[in-house]
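Me: Please take a close look at one helix of this chain and at what surrounds it, and set that part against the rest of the chain. I would also like the treatment of cysteines to be settled at the start.

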Amino acid sequence: MPIDKWKPEQLGIHPSITVSGETSLTPYLPRNHDEGLRDRLARFREPGASSGLVLIVGTSCSGKSRTLYEAIQAQLPDWAVVAPQTDGELAALLSMGIRGGTVVWLDEFQRHLTTTQEGIAAAGGIFDLLTTDRAGPVVFVGTVWTTNLAELEKRPAAAEAKTGASIIHALLKDDRVDRFRVPEGFTERELDLAIHGLDADDANDPRLRIAAMTAAEVVFDGRRSRSITQVLSGGAQLVDRMNDPTGNSPYRFSLTAKAVLQAAGDLRRAGHPNPLPRWALEDATSSYLEPAVLQSLDPATWFQQALFEASQGARDDNPYTDARLLDIHHLGVPALRPKWLSEKTSGRQPSEAYEMHDYLYQDHAARVGQKPIKAALWRTLSNTENLKQMPFFVRKAIAWEAAAQGQVRAARDIGRTLERPIFTANVLIRAGAVDAAIGVLRPAAPSSPEAAMRLAQLLAQMGKIPDALLVLKPFEGMKDVARLAAELLTGVGRRREAISILATICSENADCAIALAEIYVSTGCFVDALKVLTPWAERSPDAAVALSSLHLSSSDLEASRSVLASTADRSAPVAVALAKLLLESGDEAAASEAMSVLIPHVSYAQASLLLTDIYVSRGETDQAIEMLARPAQSHPQSAVRRARLLLEAGQEGKAIRTLARHAVVSQEASLLLADIYVSRGEADQAIEMLAGPAQSLPQSAVRRARLLLKAGQEGNAIRTLARHTAVSQEASLLLADIYVSRGEADQAIEMLAVPAQRFHHTAVRRADILRELQRLPEALASLDPFLERYAEARLSWCHLKLQEGCREEAMTQLGKVASRGKLGPILTAEALLSLAQATHAAGDLMTPRYIATEIWRSSTVRSRLSEEVQDRLWHWLRDAETLNRALKPVAAASLLEFLSSMPLETNQRLHYAIVERLRDEAQGEAAIYWKIKAYSECSELVNHVLETVLEPLD
């Protein structure tokens, strides 16, 4: 049925506040984004128009659904509108077929594109319609929060990709998807223009007058605006009732109603979508009340009364006529709206549930930030009986969130109820229970390729390559398994076996052909690589680019260009490769040809970036900024590049607005925006902006944590980092540093246990902390999985062995590292001093000189390490305690010796400062003098100090 036959509430439009009995839709106030949206919808009526997907993106209660509702009424009023409520309903609709001239309305878009079988099928169905010619267009329209879109756009984990979830990422990155962002508020100019455009009756609507008088000011894209739609939806009033900014509001929620709403907010933070089951609210709410308050309440009635208060506005409506009987301007609309879960949804008899107002939840999430959810709520959600009442997608979401928040027990309990071993394993890995994940995957691996691949990846990360290959063996005829097996075999030098696996399948899969060609090239079999790639050049852009690179490596420029030119018009990646090849010639004609190749593909991020480089090289920066305007709306990389150009041009405000739309989904955009705010002295603004990206982007979390540490908010920094330690090396290392600085080394060791199974730097850091606590066997065990592959792990292992007194074993391993040429690049001033201290403690005075000799052979390493050593020595000379620390084991002499091998005149100031400090420390201190004297035999610089500066002591 057409749009005018639908009730607005059925399409997700929030009921408005009731003022003076007025309950109809409020008059619509258009804004700048409306014109672009309506133009896009109008083009679907043109002859030959293709199907499309239009997303309306914004925060809660910003007017997304109403914007879409009005635009369809204006441009597609006679088209049929269908509104599936779940991913299953959407998948079923697509499988039955949708006739042309239909609008598919997808409120809360993320609910329809889940990673369940139904959600993946739905995404695939939409993608097929968008990429297939048909008699008449179908228009998919969706509303989605910015943060939810960020989660959808993330690439799926490898295991989820094997289930087909990557189709969701591919769909959202397709050029045929249009996004329109709805601002959070109205500027004063927008509000004035909108109201003046209404007729007299609409302009005097009492709800609009209330909103115009009371709406708070917000900052959006660097511009001040008013939260008009939030007041009209009742959300702003609910926030005031919840937080009572004046302290004396007669409409504020009671303590018990607040507790119910806090529990509801945390249920949603824990991953449970609306509607929220009553049993979960009832079980968890008491933990949100102080014990003294709870004891004063009547246990038989207090929860029901609190629930009644939180849902009061809805209960005063007439459920039969849908008439609203209460003037709820001051109360807003109901904070919780009752809804019955049907048997189909819950898997059980219909049960009572409540939808929490989106704006109230958004405010709750912003206020609590990353504060841990109460343990009582996790216990409620992981209770065996309660789990039986939750559908699969709810359990999966909650299990993942529990793992991200470090709730290992809850994550394990919920994760074990998931139907597929791969899902359970991923949750357990996220929670740090890697051994448990392996235990789940092993029984499934013989019959499940995806389980076998995930298990093999875990085993490979632990250094158990033979075990991983054995797990993959039954499925080597499958393309993804073959590529993984070949990658593991190549990594351990077994190239012939890798070639054998890929050769049987390279004619069926382009990626396998490319992988096989790379191995052939690494073994010098150039002709074989050509034979493998050539059949794929016309069918696969990646293969065409690889074949072109192969010709180029043999200096056959003409063949390389010919391969690319044949498909550049229909493939953006190939066009980019061809343009790069043309630009390498360096002449103006080739640059112009490169531009003509790129311009048809300007909506592709890499094409727009390369075209930008050409404009900038010609001094046409303004042209580059203008060209990037459209790609910057869809592609974070293009937005970041445009923002940098705008900053160079002094247009900071435009740069901020360009980055703001991508900050939640793009690490680079959020980091650059944070840098801008910090440079303006607005560190608090940077911290607030990074709160969203820090939920899902590890580097953004690390940046936010560093800013929080500078602001003295150590607790918030810890919470920001904690959700990423299992998957981010940088986050785990920074959190370890924080714990150690607080004297909580045991906490650091425990936290590093999981990432130390995956990242060698983390394993080395954990071993160092254990070594300082004299827990040497645990430290050695932490390093074991990485000894064969990483010189850093071997160097740390040598320290530990020296500390155990196993000098010969340590020196043997150290010699192996040095002989492989891997020692120089990873040695630092700190590592050299540490090794010198360990060898001296073991009675070996010559090893530091041996190490210095080994790394001195490389001029690049010598230059880098010399600078490091000089910086470190200057730091020591400014610190009253450092030289004493160094002289007690007399280990700093190795660094001085290392530095002294450089020409003296280039380091005179530093040499002089060192000599002066040694003299001050040793003069009159016989013990220190004789320690230096004992070491002088292997240090020319120390000898120089003794002979020319220090007076011998009796």
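Reply: A disulfide is taken here as a pair of cysteine sulfur atoms within 2.5 Å. By that criterion, a search of the whole structure returns zero disulfides. The sulfur of Cys 512 has its closest cysteine sulfur in Cys 506, at 8.0 Å, which is too far for a bond. Cys 512 is buried, at 0% relative accessibility, whereas Cys 525 is partly exposed, with a relative accessible area of 29%; in these terms, buried means under 20% relative accessible area, exposed over 50%, and partly exposed in between, with a 1.4 Å probe and protein chains only.

The model is predicted, so local features need pLDDT of at least 70 and side-chain atom pairs count only at pLDDT 80 or more, while totals for chains, interfaces and linings use all residues. Residues are numbered from 1 along each chain as its sequence is written, and side-chain values use heavy atoms, with hydrogens and water left out.

The helix chosen for the close look is H37, which spans residues 621-628; helices (H or I, at least four residues) and strands (E, at least two) are DSSP runs numbered from the N terminus. Its buried residues are Ala 624, Ile 625, Met 627 and Leu 628. They lie on the same side of H37, because they cover an arc of only 165 degrees around the axis, the arc being that of the directions from the helix axis to the C-beta atoms. Asp 622 and Glu 626 are exposed, on the face of H37 turned away from its buried side.

The buried residues of H37 pack against three helices, namely H36 (605-617), H38 (631-634) and H39 (636-648), where contact means heavy atoms within 4.5 Å. Ser 608, which belongs to helix H36, gives a view of this packing from the other partner. Ser 608 is buried, with a relative accessible area of 0%, and when residues up to four places away in sequence are not counted, Ser 608 touches Val 602, Met 627, Leu 628, Pro 631 and Ser 638. Between the side chains of Ser 608 and Ser 638 there is also a polar contact of 2.8 Å, a term for a pair of N or O atoms within 3.5 Å; within protein, one must be able to donate a hydrogen and the other to accept it, and residues adjacent in sequence count only if both atoms are side-chain atoms.

Strand E5 (residues 177-181) offers a contrast to this helix: five of its five residues are buried, so E5 is largely enclosed by the rest of the structure. Both faces of E5 are covered, with Val 177, Arg 179 and Arg 181 buried on one side and Asp 178 and Phe 180 buried on the other. E5 pairs with strand E1 (residues 52-58) in the parallel sense over five bridges, pairing being assigned if DSSP finds at least two bridges between two strands. Within this pair, Phe 180 of E5 is the bridge partner of Ile 56.

For the chain as a whole, the secondary structure comes to 60 helices and 10 strands, and buried residues make up 53% of the 954 residues. Of the contacts between residues at least 6 apart in sequence, 63% join residues at least 24 apart.
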